[in-house]
Amino acid sequence: MLNTLRRIINEVNDARDLDQALEIIVSQVREAMSADVCSVYLKDEILQQHVLMATDGLDYASIGIVRLNFDQGLVSLVASRAEPINVDNAQDHPQFHYFPEAREDEFFGFLGVPIIHQRNVLGVIVVQQTRKKRFDEEQENFLITIAAQLAGAMAHAEVSGEIERLLNQHEATEVRPFDGLPGAPGVAIGTAVAIYPSSELEKVPDRFVEDLDKEIEAFHAAISSVKQDITKLSNRLKDVLPAEERALFDAYLLMLDSHSLRGVTATRIMDGNWAPGALRRTVDEHIEAFAEMDDPYMRERAEDLRELARRILHYLVQDAQREITYPESTVLVGDEITAAQLAEVPREKLTGVVSAKGSRTSHVAILARALGVPAVMGSASLPLGKIDGQFVIADGYSGSVYISPPKQIREEYERLAKEEEVLTAELVNLRDDPSVTEDGQLIPLNVNTGLLADITPSLNSGADGIGLYRTEFPFMVRQNFPGEEEQYRIYRQALLAFAPRPVTLRTLDVGGDKALPYFPIVEDNPFLGWRGIRITLDHPELFMVQVRAMIRAAVGIDNLYILLPMISQMSELRESLALIERAYEELKEEDGEVSKPKVGVMIEVPSAVYQAHRFAELVDFLSIGTNDLTQYLLAVDRNNAQVASLYDALHPAVLQAVHDTVRAAHDMGKTVSVCGEMAGDPAAVVLLVAMGIDSLSMSASSLNRVKWVIRNLSTERARQYLDEAMNMEDAASIRDFLHKKLEKAGMGGLVRAGR
Ligand code: PEP
Ligand code: MG
């Protein structure tokens, strides 16, 4: 059954359009379940009806004609209850609705299952049989599984307007965007450049190319390279493998030259697709055929083919990357964009970022904000294979993405983008103004940096210092751990550039979603695993080298603050402090000139909130990492788009935790800042000011936005808003409330597109 299920899903995913996908579903499911009828009904929201969209078994002519009002028929009952209905005689059921057009008279056994995507019923899939008999449990489970799998594909069709077009048999009246999550503020208008992991053939997009001869040449060259590799491999194994085993390599060589691989792909290229896209389509087609054979030996052949294709792709990608030309306004689109891929696009051409995975606090979104580039994250239903080269609009405030939208939407967004430019220009004027509330409360604004090698944007932002320097980046872009001298140079540069302003260097915080290529960590739950301080305390040699480099870098300027990430226990804090003390003593002995750094601890796990008093007693300052604190407090993965709607630092529990931490620090006479993304969120800043936060640290591009809020706020008003917010039930109400306040104060442009 599992193979059948996979085969159906693959075929559906490859369907040309929704129409074809539905036909595949009904015929394959009917066959697999030995049913007499299989039909799919879709919800028509406008007419409030369920419409028969595809059937194998009922009268074909009734497609589009059979329409059930939302309170009519068993289909509607399945949809409204959002659960399966399995009966031996549908015609006996009080809610049965007879349609003569469908010729349903001869069918009795009925099983209907809702197709649900993210709590939303999109339609119903139904099987029927002539026997007066319920479908058995195995059949019911099969249909439920199919429906759950199909929901994703259907949701995609719904978003792209295909369902609407199909229901109304004309162009969709309303243009609906692809929904994602706000990643970095701003509006990006430009050309999509789809990127993909170079090792994953399945994710290669289609791409229209003009120079077909060159593409064909690259394809044949790649095949030749793979053939050479295989011949070499075969020769090398001559003495080890018997001749029969080596015959496999000959089979590979034949496959590579076969018409079905080489010829068919070449034809696809001549039709205009680039070589990797053409190759993916050819391989998909074959794999499907192999999979259908239900024969384990043949399925092995499918694996061989995939392996060969991967090797061809490897050469093609090497070739393509050399030549990639980014259009003037590049909107980088991908399944999961990495910091390195982002850095590859020339800054002046990078207009926006759209990622199918991740959320606002993913490190790519943080990087986009640091660059001041609008970003949409978690746009899971994007047609990644078909988006390359298309005109797109990405709204980093709402998370909406439009692909080739009609003129009116385009014009509206162009207008909003112009307003954005005006707003940005106005905000730049705030650069040298102090960050002070209407009633004179000074709240220094620092920058988060480090994920970029270049600190110039931070320097130009008018920041009061660096509130969080993520030291991971220099570790990520090397082949091995950087030594003390190398780290010293990097830190010295940052400390000197900002002196006499404070610079907070955080000790290495890898693990979680930040991996080092030369230090792989494989865990089931990386965010609950070996991460941050846990790694560096287990490797004191790494910690000592880093801390020594930091202390030396501050000689003569004394603006160093060291910040410890992921502390969850007192013992970790004590050990870290002891190591820092040791590094300091060592250096003092070596050249005497060094000064003792100020040390702070990040409050980013729930246990730290409850121990904030104790932590504060031992250190000079606290810094709240709301990105992780939100993730751990709400048990919501900060990178998982599927649950991203649950992730919001304005959740009352997070607000309470932040407020408690601020109080704890102040009780102990210590300062406290926020360095998570919350600090750059204009709505949240209102509440942080009310709580009495001492400073905020954010990406350079958020700085003037936040300054604008602070300069237009009095502590008294902020406190009133905090009181009201803390009486609300959830993050959505609090956010809505604060956005309204900002809008009323003339600062709506900070939380939506336009001025
Ligand atoms: C945080 O967790 O809020 C934080 C600032 O650190 P990072 O985003 O690097 O995990
Ligand atoms: Mg963190």
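## Ligand 1 and its surroundings

An oxygen atom of ligand 1 lies 3.3 Å from a polar backbone atom of G625. The protein covers 100% of the 290 Å² of accessible area that ligand 1 has on its own. This description rests on a predicted model.

Two further polar contacts involve ligand 1. At N627, a backbone N or O atom is 2.8 Å from an oxygen atom of ligand 1. At K514, a polar side-chain atom is 3.3 Å from an oxygen atom of the ligand.

In total, 16 residues surround ligand 1, and the closest are R470, R506, G625, N627 and R638. Two elements, β16 (466–470) and α22, each supply at least two residues of this shell. The largest share comes from α22, with three residues.

## The magnesium ion

Ligand 2 is a magnesium ion, coordinated by E604 through OE and by D628 through OD, at 2.0 to 2.1 Å. E604 is in the loop between β19 (598–603) and α20 (606–610), while D628 is in helix α22 (residues 626–634), so the pair ties together parts that are 24 residues apart in sequence.

Are these two residues buried or exposed? E604 has a relative accessibility of 2% and therefore counts as buried, since buried means under 20% relative accessible area. D628 is also at 2% relative accessibility and counts as buried. Helix α22 thus appears at both ligands: D628 of this helix coordinates the magnesium ion, and α22 supplies three residues of the shell around ligand 1.

## Helix α7

Helix α7 runs over residues 243–257 and has 15 residues. From its first C-alpha to its last, α7 reaches 21 Å, close to the 21 Å expected at 1.5 Å a residue.

Which residues of α7 are buried? They are R246, F249, Y252 and L256. These residues cover an arc of only 80° around the axis, which puts them on the same side of α7. On the other side of the helix, A243, E244 and L254 are exposed.

R246 can also be placed relative to helix α6 (residues 212–236), where L233 lies. L233 and R246 are 13 residues apart along the chain, and their C-alpha atoms are separated by 9.7 Å. R246 is buried, whereas L233 counts as partly exposed at 26% relative accessibility.

## Backbone geometry in loops

Most residues other than glycine have a negative phi, and most peptide bonds are trans. Three places in this model depart from that pattern, as described below.

The peptide bond from A499 to P500 is cis, with omega near 5°. P500 is found in the loop between α16 (484–498) and β17 (503–506).

A82 is not a glycine, yet has a positive phi of about 55°. The loop that holds A82 runs between α3 (73–81) and β4 (85–87). With a relative accessible area of 35%, A82 is partly exposed. A635, also not a glycine, has a positive phi of about 55°. A635 is in the loop between α22 and α23 (652–667), and at 69% relative accessibility A635 counts as exposed.

## Two buried alanines

A194 belongs to strand β9 (residues 187–195). With a relative accessible area of 2%, A194 is buried. The C-alpha atoms of A194 and Y315 are separated by 19 Å, and the two residues are 121 residues apart along the chain.

A725 belongs to helix α26 (residues 715–726). A725 has a relative accessible area of 0% and is buried. In sequence, A725 and L738 are 13 residues apart; in space they are 8.3 Å apart, C-alpha to C-alpha.

Terms used
Residues are numbered from 1 along each chain as its sequence is written. Chains are lettered from A and ligands numbered from 1 in the order in which they are written. This is a predicted model: local features need pLDDT of at least 70, side-chain atom pairs count only at pLDDT 80 or more; totals for chains, interfaces and linings use all residues. Side-chain values use heavy atoms; hydrogens and water are left out. Donors are N, O and S atoms within 2.8 Å of the metal (3.2 Å for Na, K and Ca); water is not among the atoms, so sites may look incomplete. Helices (H or I, at least four residues) and strands (E, at least two) are DSSP runs, numbered from the N terminus. Buried means under 20% relative accessible area, exposed over 50%, partly exposed in between (1.4 Å probe, protein chains only). The expected span of a helix is 1.5 Å times one less than its number of residues. The arc is that of the directions from the helix axis to the C-beta atoms. A residue is near a molecule or strand if one of its heavy atoms lies within 4 Å of it. A polar contact is a pair of N or O atoms within 3.5 Å; within protein, one must be able to donate a hydrogen and the other to accept it, and residues adjacent in sequence count only if both atoms are side-chain atoms. Accessible areas come from the Shrake-Rupley method with a 1.4 Å probe; for residues, only the protein chains shown count as cover.
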